[in-house]
Amino acid sequence: MIADLELDARGLNCPLPILKSKKALAGMASGQVLKVICTDAGSVRDFQAFARQTGNELLQQDQTGPEFVTWLKRR
């Protein structure tokens, strides 16, 4: 999957990955894809709730070692 923007949120704990993602998405056009890389395991659930609440589409979530990668599509 190709991201239009990649956000490095490694080392940040809740709620910072969500807040930084919200700001990044606000600057993106509808349909663009944001890739967020986190080390906070709680971000998985947080991004699921964030997508439901904001209407942005949660495309995919992966874990690679200690990193959690979330792909969001701007509404």
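Which residue in the hairpin of S3 and S4 takes a positive phi?

1. Gly65 does, with a phi near 60°. Two residues lie between the strands of this hairpin. Note that the model is predicted.

2. The two arms of the hairpin are S3, residues 57-64, and S4, residues 67-73. They run antiparallel and are joined by seven bridges. One pairing to check on screen is Asp62, whose bridge partner in S4 is Val69.

3. Now the whole sheet. Strands of a sheet pair through backbone hydrogen bonds, either parallel or antiparallel. Here four strands form an open sheet, ordered S1-S2-S4-S3, with mixed pairing. S1 and S3 are the edge strands. Each has a single partner strand, so one side of each lacks a neighbour in the sheet. From one strand to the next, the twist averages 15°.

4. Next, the core. The largest nonpolar core has 14 residues. The members that touch the most others are Leu25, Leu34, Val36, Phe47, Phe50 and Leu72. At least two core residues come from each of these elements: strand S1 (5-9), helix H1 (16-26), strand S2 (33-38) and helix H2 (43-54).

5. Leu25 is a good residue to click on. Leaving aside residues up to four places away in sequence, Leu25 touches Leu34, Phe50 and Leu72. Asn56 and Arg74 are also among its contacts. Leu34, Phe50 and Leu72 appear with Leu25 in the list of core members that touch the most others.

Conventions
Residues numbered from 1 in each chain as written. Predicted model: local features only at pLDDT ≥ 70, side-chain atom pairs only at ≥ 80, totals over all residues. Heavy atoms only, no water. Pairing = 2+ DSSP bridges. Core = buried A, V, L, I, M, F, W, Y, C linked by side-chain atoms within 4.5 Å. Buried < 20%, exposed > 50% of the residue type's maximum accessible area, 1.4 Å probe, protein only. Contact = heavy atoms within 4.5 Å. Axes fitted to C-alpha atoms, helices over the stretch in contact; angles between N-to-C directions.
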